[in-house]
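Reader: I am in my first year of study and would be grateful for a close look at one part of this protein. Could you take the open sheet as the centre of your account and then relate the remainder to it?

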Amino acid sequence: MKQLVILSGKGGTGKTSVTASLAHLAARETRIVLADADVDAANLDLLLAPTILEKHDFSSGVIAKIDPAACISCGICTDVCRFDAIDVIDGVYTVDEIACDGCAACFYQCPANAISLPTPVVGQWFHSDTRFGPLLHAHLFAGQDNSGKLVTLVKQEAKLLALDENREYVIVDGPPGIGCPVISAASGADMALIVVEPTVSGVHDLERAYATTAHFGIPTMVAVNKTDINPERSQEIIAYCQQVGLPLIGTIPFDTIVTEAMVNGQPITEYAPTHPVSAAMYSLWEQIRTVMQNDKASKK
Ligand code: SF4
Ligand code: SF4
């Protein structure tokens, strides 16, 4: 079983449409598991129309909770809280859930044992079925910031499923940008594909994403999406790849048919198999598969 993660230094590069096309092409020849690791704004399901088989709550962190019936209004908790998270509202000691850091100082100091530290539900994760194979995906509730943990959970579940069902690849649609969720999505991957657009920040975005994969020693390849919208910027990206020795394995032309395909709920390779954009995706998948299979052979 091999894990491929698709990343981008920022959002809006077409990463998810590339992921969906690769999933479509991979699923034609082998058995795969998909993981949408963009838990803050999951959208792979828009192209895959999943049927949810299992739904689970995701709990993380702790937040203090005061039992008003047990509280003796001593005020100790407000004194010890360094986050000013406890106020007296209408005569009742109350925790501001957004301000609470879960440090437990109030819990240990309360003389009346009126404070508990429950773990709140901050999101949900799903095991779904799609026409390309199982999809593990998740949704972090608005305002929550534990997406790295949820990404790790989604990836773990995808990996376990792939091992259980002897599936050849786990294809992970990573979060855009950099940071904790991206590190969680990339860690343990056998290969990373960075999708970059030829924009003003293109090289910078690529550098940021590559810094993450290089730090973890993940073999990394690059594809330039919508390459013809700015040939000059595309050349800058190509030059950067040559300079740092990053394999550039594909350039995908721009065409509004990709949006048309998405509106129809299909990756471009499924919607218009003979279109030049699809041809670029076929080429991309061929090279990824070859590299991953060679990598597998070299590790036997
Ligand atoms: S420390 Fe406990 S008893 Fe005192 S005000 Fe806070 S919750 Fe109430
Ligand atoms: S757990 Fe810490 S941050 Fe939260 S209310 Fe208690 S003392 Fe304040």
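Author: The account below begins with the sheet, proceeds to the helices and the core, and ends with the ligands and some loops.

Please bear in mind that the model is predicted. The protein has 300 residues, and its secondary structure amounts to 11 helices and 13 strands. Its C-alpha atoms fill a box of roughly 75 × 40 × 40 Å along the principal axes.

The open sheet contains nine strands, in the order S3-S8-S9-S2-S10-S1-S11-S12-S13, and its pairing is mixed. At the edges stand strand S3 (51-59) and strand S13 (248-252); each has a single partner strand, so one side of each is left without a neighbour in the sheet. On average, neighbouring strands of this sheet are turned by 20° against each other, when direction is ignored.

One pairing may be followed in detail. Strand S2, residues 32-36, runs parallel to strand S9, residues 133-140, and two bridges join them. Within this pair, Leu34 stands opposite Leu135 in S9.

Helices lie across the strands. Helix H5, formed by residues 147-164, lies across S2, S3, strand S8 (121-130), S9 and strand S10 (169-176). The direction of H5 is at about 165° to S9. Helix H7, residues 202-215, lies across strand S1 (2-8), strand S11 (191-196) and strand S12 (220-225), and runs at about 170° to S11.

What does the interior contain? Of all residues in the protein, 43% count as buried. The largest nonpolar core has 69 residues, and Val154, Ile171, Val172 and Ile194 touch the most other members. Leaving aside residues up to four places away in sequence, Val172 touches Gln3, Leu4, Val5, Ile6, Ala35, Ala37, Lys155, Ala185 and Ala189. Apart from this core lies another, of 11 residues, including Ala64, Cys77, Cys110 and Ile115. Among contacts with a separation of 6 or more, 77% join residues 24 or more positions apart.

Some residues of the second core also appear around the ligands. Ligand 1 has 13 residues around it, of which Cys71, Cys74, Cys77, Cys110 and Ala112 come nearest. By class, this shell has 11 nonpolar residues, two polar and no charged. Ligand 2 is surrounded by 14 residues, the closest being Ala64, Cys81, Cys100, Cys103 and Cys106. The shell of ligand 2 divides into 12 nonpolar, one polar and one charged.

A hairpin is also present. Strand S5 (residues 86-89) and strand S6 (residues 92-95) pair in the antiparallel sense over four bridges, with Asp87 opposite Thr94 in S6. Two residues lie between S5 and S6, and Asp90 in the turn has a positive phi of about 50°.

Most residues other than glycine have a negative phi. Two further positive values therefore deserve mention: phi of Asn113 is near 50°, and phi of Lys226 is near 55°. Asn113 is found in the loop between helix H4 (105-109) and strand S7 (115-116), whereas Lys226 has its place in the loop between S12 and helix H8 (231-244). Are these residues buried or exposed? Asn113 counts as exposed because it has 10 C-beta neighbours inside 10 Å. Lys226 counts as buried because it has 21 such neighbours inside 10 Å.

Note on methods
Residues are numbered from 1 along each chain as its sequence is written. Chains are lettered from A and ligands numbered from 1 in the order in which they are written. This is a predicted model: local features need pLDDT of at least 70, side-chain atom pairs count only at pLDDT 80 or more; totals for chains, interfaces and linings use all residues. A residue is near a molecule or strand if its C-beta atom, placed from the backbone, lies within 6 Å of it. Ala, Val, Leu, Ile, Met, Phe, Trp, Tyr, Cys and Pro count as nonpolar, Asp, Glu, Lys and Arg as charged, and the others, Gly among them, as polar. A nonpolar core is a set of buried Ala, Val, Leu, Ile, Met, Phe, Trp, Tyr and Cys residues joined through C-beta atoms within 7 Å. A residue is buried if 20 or more other C-beta atoms lie within 10 Å of its own, exposed if 12 or fewer, and partly exposed in between; C-beta atoms are placed from the backbone. Two residues are in contact if their C-beta atoms, placed from the backbone, lie within 7 Å. Two strands pair if DSSP finds at least two bridges between them. Axes are lines fitted to C-alpha atoms, for helices over the stretch in contact, and angles run from 0 to 180 degrees between N-to-C directions.
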